[in-house]
Amino acid sequence: MIYWIITTVAVLTVTFFIVINMKAFGGAPKGKRLKRIRQSKLYKKRQFQNTSHTPSITEGYKMSKVTFDFFFGKKDPLLKPLKEIPSLHTDLKNIDKNQDVFIWLGHSSYYLQTDGISFLIDPVLSLYGSPFKYFNKAFKGSDIFKPKDIPNIDYLVITHDHFDHLDYPTVESIRDRMGMAILPLGVGAHLERWGYAENSLIEEEWGTEVNLKNDMKIVFTPARHFSGRRIRQNDTLWSSYVLITPTKKIFLGGDSGYDSHFKTIGEQYGPFDYAILENGQYGEAWRYIHTLPEDVIQAGIDLKAERIIPVHAAKFALALHPWNEPLQKITALGKEKKLNILTPMIGEVVDLNQHEQQFTAWWED
């Protein structure tokens, strides 16, 4: 009997290390990168830390119960859409370079072009928001953009290394069409393993300001979240960004729970023309690391944002709320607060120079 136990443990251990070393799991920071991480003021007790104390789960909830409910609990009948969601396949390669546009590609992926410079943020364009096929599949209609649709890009921007924001098949396949990659400290280890040159990475920590082409500047700013793609948690940093161009200020949110950093960023860099904020895949148990819709509204107010574009919904079921609830709630709350909430379909063009734009409630169709 003891031999069977030993054999089983050995097989499971070997299998684990084979899986964790698949290319999809990226690389571990080492050498100069690891030295930089250990010297960071944000790195304490062998991991990156949030500005405020951030429990992994809200008080009053048990991780075992939350995990059980997620995998085995009764699901909302609208957890996933009952039919293909509306979307529009815009030809990204034929957009005039002189146009200033935002195009949502689904979940937290979007194409941004302004002042003659193009940005691609958190591209996840494979069918699955996970390291394994057939797990966490994209909704029909949300998957219309593929890596082959991506044009030459000036800057690839990654907010953190979770699988639904940093997708190995996508990022590897578009490598030759990327100029520079902008990444939180540590995340470059993944891209280097996937063939990106070290000198193509702009890899920094919160508070760093970097000058870009065409008199632009990007600032690495805090988010309240966590990281982890391999065995160790929080060995890479997560980030939001402030993009300052000759004509605009845009906040790129990334995953975050609500905290005082939104107000701090708003006071230091605002007001913003646009704030692109995560709104979806939330729950009361996770409110420290994912904003609820009412938190998104307050974050937009704190940032002094003239317009809010909500993302992080309508592609994957990573939480237990109905798939369209985030859009229903954010638009209703926005009306109450008289805020300008922009809700384009996936692929629909948002003209960043047009102050008043109306979009249909496509999630109710």
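User: I would like to learn how to read a pocket, so may I start with its wall: which element gives the largest share of the lining of the second largest pocket?
Analyst: That share, four residues, comes from α2, and helices such as this one (H or I, at least four residues) are, like strands (E, at least two), DSSP runs numbered from the N terminus. Please keep in mind that this is a predicted model, in which local features need pLDDT of at least 70 and side-chain atom pairs count only at pLDDT 80 or more, while totals for chains, interfaces and linings use all residues. Residues are numbered from 1 along each chain as its sequence is written, and side-chain values use heavy atoms, with hydrogens and water left out.

User: How much space lies in the second largest pocket, and which residues are the closest to its centre?
Analyst: On a 1 Å grid over the protein atoms alone, a pocket is an open set of points with protein on both sides within 12 Å along at least five of seven lines, a cavity is a set where a 1.4 Å probe fits but cannot get out, and lining residues have an atom within 4 Å of a point. Points are joined across faces, edges and corners, and the volume is the space filled by probe spheres set on them. Here the second largest pocket holds about 320 Å³, and of its 16 lining residues K30, R33, A189, E192 and E198 are the closest to the centre. Two or more lining residues come from each of α2 (31–39), α5 (188–193) and β8 (201–204).

User: What is the make-up by class of the lining of the second largest pocket?
Analyst: Ala, Val, Leu, Ile, Met, Phe, Trp, Tyr, Cys and Pro count as nonpolar, Asp, Glu, Lys and Arg as charged, and the others, Gly among them, as polar. By this scheme, nine of the residues that line the second largest pocket are charged, five are nonpolar and two are polar.

User: How many cavities of 30 Å³ or more does the structure hold, and which residues line them?
Analyst: There are two cavities of that size. The largest cavity has about 60 Å³ of space, and its walls are made by G253, G254, S256, F262, L277, E278, T291, V296 and A299. At least two of these lining residues come from β13, and at least two from α7 (293–302); by class, the lining has four nonpolar, four polar and one charged. The second largest cavity takes up about 40 Å³ and is lined by L79, F139, Q281, A314, F316, A317, L318, A319, H321, P322 and W323, of which nine are nonpolar, two are polar and none is charged.

User: How many helices and strands does the protein chain have, and in which order do the strands form open sheets?
Analyst: The chain has eight helices and 15 strands, and its C-alpha trace spans about 70 × 50 × 40 Å along the principal axes. Strands of a sheet pair through backbone hydrogen bonds, either parallel or antiparallel, and two strands count as paired if DSSP finds at least two bridges between them. One open sheet, of six strands, follows the order β9-β10-β11-β12-β13-β14 with mixed pairing, and its edge strands, each paired on one side only, are β9 (209–212) and β14 (308–311). Another open sheet, of seven strands and also mixed in pairing, runs β8-β7-β6-β5-β4-β3-β15, where β8 and β15 (349–351) are the edges, each with pairing on one side only.

User: Which bridge partners do L277 and I121 have?
Analyst: In the six-stranded sheet, β13 (residues 274–278) joins β14 in the parallel sense over four bridges, and L277 has P310 in β14 as its bridge partner. L277 also belongs to the lining of the largest cavity. In the seven-stranded sheet, β5 (residues 117–121) and β6 (residues 153–157) pair in the parallel sense over three bridges, with I121 partnered by V157 of β6.

User: Where in the backbone should I look for a cis peptide bond or a positive phi in a residue that is not a glycine?
Analyst: Most residues other than glycine have a negative phi, and most peptide bonds are trans. Here the bond from G270 to P271 is cis, with omega near -5°, and P271 sits in the loop between α6 and β13. K45, which is not a glycine, has a positive phi of about 55°, and K45 is found in the loop that lies between β1 (43–44) and β2 (47–48).
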